[in-house]
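I set out to record what I looked up in this structure, entry by entry. My notes begin with the ligand and then turn to helix packing.

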Amino acid sequence: MAEDAWTRVKRRLRAELGEDVFSSWLARLELDQLADGKAVLSVPTRFLKSWIEAHYLDRILSTYRSEQAGLSGVSVVVRSAFRDPAAASRSSAARPAKTTSGGEPALAAEPSREDRVPAQATPLGARDERSTAELAGAPLDARLTFESFVVGRSNALAQAAAERIARNDGGAAIYNPLYIQAGVGLGKTHLLHAAGNQARAGGRRVIYLTADRFMYGFVASLKAQTSHAFKERLRGIDLLVIDDVQFIQGKTIQQEFGHTLNALIDAGRQVIVAADRPPGDLESLDERVRSRLAGGLVVEIAALDEGLRAGILSQRLAAVQATHPGFEVGPAVVAYVANAVATNGRDLEGAINRLLAHATLTGTNVTLETAEVAIRDLVRNREPRRVRIEDIQKLVATRYNVSRSDILSERRTAAVVKPRQIAMYLSKVLTLRSLPEIGRRFGGRDHTTVLHAVRKIEKLIGGDTALSEEVELLKRMLQD
Ligand code: ADP
Ligand code: MG
């Protein structure tokens, strides 16, 4: 059966290229058609199509061939966003890229400012009963521990504070709350999980929540009118850890966040939060909540210095080698990568994954030369070029198969809203234009719309590796 061979191919690609590479680039590949010895695969965007063609097509073909005798070729097309997903297995005729309207299907239409939180929370309505019965914290990742956290100058204070709190079994809260502030990929989530794991190992009751969980849980319980139970449960814990508090939005929820915080702190329960900005910059939060957050210990994790980057790389490398014993990377390559990838922990992980993929693909050892090629897309221009909003709009439109006038238009269909939000986000991060100015350049929109788009994309990037890689690539294309 064609389907079985394809399923095996995907499974093997996942195993051989690693979960990160697979979920970033290949997870959305579907088999559209298998005819005349040729397989036609489809992806949702032109961007993915060109990326896969440039990087993975040979690999896919060779893997597929070994599963399906007589296969002569593989091609990738863009599938329509509105196609019946089941059609893939029915071998519907593949549509050529030019005539499809790509775009990401998953995003809901742009909500108005007022209904942002309810809009996000509504889909969970169906789970009301479960969410109210107990407050489901997010699981802690057992790999994110203090042992696997590499300490350097930029994160030593944050690490020490978190570890001190986590090991403080039974004693009164020390710094309350501990507020960890750092940009993306600098280790906030790692540190929060480490503290949670450690405290739990010491027998303390720990709940780890992302801002989303906090909002969903609370909104769901409000709907079921058991917010009392929700609060009781929250207050019956020893350590509450909340990640990415910059995403807590919505007036009722902010208030409730404030009450919860007060109740816990006043009862001597320990709270640790992380955010990408200082408490004073959490514009969506009430002034009293901000000052409460700032009233404990605020520590910043600064950009990772080169020594720390090398340390993280070596640590990651050792972890990967445990499952890939033949994977050798010499100290010169580690030093090179630590110097070249000057961004954050996520990119360092990405670099290791690329080196591994490269070594596995070519069956050769990693040398300085191959490393340079493998991580080229992670190496930033140190001096980013000035980018024009018009160029951003054009590139994003092309990538998502919409027109620039769609982006400027009033249309609110998902296929247009997401590229528009990405373009606004890129305009904010790549140009020096103000929010009102960006709004004007996007068909005369209000600055709050731009702000909403920027937050939305920041948030999506935080949780979605594929999207964050996609946005990173768009950035690089604009800056090259
Ligand atoms: P943030 O939550 O600040 O965006 P993460 O905690 O998710 O960042 O870190 C991104 C990646 O980098 C994770 O894989 C994390 O394990 C790794 N990382 C970041 N800092 C360190 C560190 N000091 N030691 C080991 N790994 C780190
Ligand atoms: Mg995080």
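**Entry 1: the ligand.** I worked from a predicted model. I first looked up Glu-349 and found one of its polar side-chain atoms 2.3 Å from an oxygen atom of ligand 1. I then asked which residues are closest to ligand 1. Val-150, Gly-185, Thr-189, His-190 and Glu-349 are the closest, out of 17 residues that surround the ligand. I noted two further side chains with polar atoms at the ligand. Lys-188 has a side-chain N or O atom 2.9 Å from an oxygen atom of ligand 1, and for Arg-346 a polar side-chain atom lies 3.0 Å from a ligand oxygen.

**Entry 2: helices H13 and H15.** I next followed Glu-349 into a helix contact, since it appears there as well. Helix H13 spans residues 306-323 and helix H15 spans residues 345-362; their axes come within 10 Å and cross at roughly 45°. The two helices are therefore oblique to each other. I recorded the crossing of H13 and H15 as right-handed. On the H15 side, the contact is made by Leu-348, Glu-349, Ile-352 and Leu-356, and H13 contributes Arg-309, Ile-312, Leu-313, Arg-316, Leu-317 and Val-320. By class, I listed seven nonpolar and three charged residues in this contact, with no polar ones.

**Entry 3: helices H11 and H12.** I finally looked up H11 (residues 251-266) and H12 (residues 287-294), which pack at about 35° with their axes 10 Å apart. Is their crossing left-handed or right-handed? I found the crossing of H11 and H12 to be left-handed. Val-289, Arg-292 and Leu-293 of H12 meet residues of H11 that include Phe-257, Leu-261 and Ile-265. The contact of H11 with H12 divides into five nonpolar, three polar and two charged residues.

Methods: Residues numbered from 1 in each chain as written. Chains lettered and ligands numbered in written order. Predicted model: local features only at pLDDT ≥ 70, side-chain atom pairs only at ≥ 80, totals over all residues. Heavy atoms only, no water. Axes fitted to C-alpha atoms, helices over the stretch in contact; angles between N-to-C directions. Helix = DSSP H or I, 4+ residues; strand = E, 2+ residues; numbered from the N terminus. Parallel < 35°, antiparallel > 145°, perpendicular 65-115°, else oblique. Left-handed = near helix turned anticlockwise from the far one by under 90°. Contact = heavy atoms within 4.5 Å. Nonpolar A, V, L, I, M, F, W, Y, C, P; charged D, E, K, R; others polar. Near = heavy atom within 4 Å. Polar contact = N/O pair within 3.5 Å; in protein donor to acceptor, adjacent residues only side chain to side chain.
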